[in-house]
Amino acid sequence: MEILLIVLFILMIAGAIYALEAKDLLSAVVSYGIVGFGLVICFLLLQAPDLAIVQIVVETITLIIMIAVVLNTTREEIKDKVPQSMIVYAVLGLIFMFGFIYFFILSLNGLSEFGKHATRMATEYIQGGVKGSGSINLVTGVVLDYRGYDTLGEITILFTAVIGVLTVLRSRGRKKE
Amino acid sequence: MKGMTIIVKKVTQIIAGVIFLYGLYITIQGHLSPGGGFAGGTIIAGSFILLVLAFGNDVLGLVKKEIRSSFIEALGIFLFILTASGAIILSFYLNYDKIFFKNFLTKGVPGEIVSAGFIPLLNIFIGMEVAAALFTLFLAFVIKSEEKEEKKK
């Protein structure tokens, strides 16, 4: 299974890189979809159906909205001027990349084995979750009972985002130019 | 916004109701099977977006839809907070602890459709909020592009 996951990750990274480099914005959006739908298969392989359902529907709706935006505005990328000192940027990028990889490897040594990571709180939830929250689906029990504040924050973020979009795109009640 | 061809319209008539029912199922069964308010709400929003894309509408109708859906969105988040603080409100009349997010309803038998206290209620309110929010986002973009086209004419 780990080999399958690694193949999926390579495919997702390739899709993300193509989305960055594509000249046509519509093909960039479509290849960005590879990342989301690859993530769905990863969640299914890792036995997380709750996350997979949310990811697949949210990915589809965002793709629809992004394609609508691209079709209604422009399909060409804005051309920036190439900066003069490319070498400085490249050297800085390489330094930061190796720094991050070094600390990543350092922190990997402190983790437990793949798939066997369970903290003290997680064990508590798994053993007493059904009795404590009363719902068979443990994920919903944790999300809405033990971690209710997180869910309140999530839907507040969505609410605020919609208010922001409505305010920016509003044309009613605005003075005529 | 113009609608699509007769084939798309006919297929949408058949499918949209099924998608809506599936979203309701995922929302209501959130405490029994994988799913919940977020996934179910997004599926419900998808069925409405499908209807708007297939049949189209004029700007006035879209604005009317947007006003209603933003009202439902605000209602959803208000009911969520009201249910979450239910124990605090009821503690003035009954003998409850004053705790935010306390599961003040009886838990029932785990595995039945009416069980787990207020978790199904919260799932339904999250579903309302998410469905209305995504539909409002979509309508805002559509209305913006429609108004731009009307100005060109």
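This report walks through one helix of chain B and then a handful of single residues in chains A and B. Keep in mind that the model is predicted.

**Helix α1 of chain B**

Let's start with α1 of chain B, which runs over residues 6–28 and so has 23 residues by the usual way of reading helices. From its first C-alpha to its last it reaches 34 Å, close to the 33 Å expected at 1.5 Å a residue. The helix does have a bend in it, though: about 35°, at B:Q13.

Which residues of α1(B) are buried? They are B:T12, B:A16, B:G23, B:I26 and B:T27. These buried residues pack against helices from both chains: α3 (49–72) of chain A, plus α2 (37–55) and α5 (119–152) of chain B.

Here is a handy bit of background. An α-helix has 3.6 residues a turn, so residues three or four places apart point the same way.

**A nonpolar patch on the surface**

Now look at the surface, where you can find a nonpolar patch of about 830 Å². Its members are B:F20, B:L21, B:L24, B:I28, B:F48, B:L51, B:F55, B:I113, B:V114 and B:I124. Two elements give two or more residues to the patch, namely α1 and α2 of chain B. Which element gives the most? That is α1(B), with 4 residues.

B:F55, one of the patch residues, is found in helix α2 of chain B. It counts as partly exposed because its relative accessibility is 32%.

**Five residues to look up**

The table gathers B:F55 again with four other residues, so you can find each one in the structure and check how covered it is.

| Residue | Where | Relative accessibility | Label |
|---|---|---|---|
| B:F55 | α2 of chain B | 32% | partly exposed |
| A:Q47 | loop between α2 (25–45) and α3 of chain A | 70% | exposed |
| A:A68 | α3 of chain A | 27% | partly exposed |
| A:V162 | α7 (residues 148–169) of chain A | 2% | buried |
| B:G3 | segment before α1 of chain B | 35% | partly exposed |

A:Q47, out in its loop, has a backbone quirk. Its phi is near 60°, a positive value in a residue other than glycine. A:Q47 counts as exposed because 70% is over the 50% cut-off.

Is A:V162 buried or exposed? A:V162 is buried, because 2% falls under the 20% cut-off. What does A:V162 contact, leaving aside its neighbours within four places in sequence? The list is B:E73, B:A133, B:T136 and B:L137.

B:G3 brings us back to B:F55. Not counting residues up to four places away in sequence, B:G3 touches B:A54, B:F55 and B:G56.

**Two distances**

Finally, two pairs you can check for yourself. How far apart in space are B:G3 and B:L82, C-alpha to C-alpha? They are 40 Å apart, with their places 79 residues apart in sequence. In chain A, the C-alpha atoms of A:A68 and A:I155 are separated by 24 Å, and the two residues sit 87 residues apart along the chain.

Definitions and conventions:
Residues numbered from 1 in each chain as written. Chains lettered and ligands numbered in written order. Predicted model: local features only at pLDDT ≥ 70, side-chain atom pairs only at ≥ 80, totals over all residues. Heavy atoms only, no water. Expected span 1.5 Å × (residues − 1). Bend = angle between axes of the 7 residues up to and from the residue. Buried < 20%, exposed > 50% of the residue type's maximum accessible area, 1.4 Å probe, protein only. Contact = heavy atoms within 4.5 Å. Patch = residues over 30% accessible without salt bridge, like charges linked within 9 Å, V, L, I, M, F, W, Y side chains within 5 Å. Areas by Shrake-Rupley, 256 points an atom, 1.4 Å probe, with all protein chains shown as cover. Salt bridge = Lys/Arg side-chain N within 4 Å of Asp/Glu carboxyl O.
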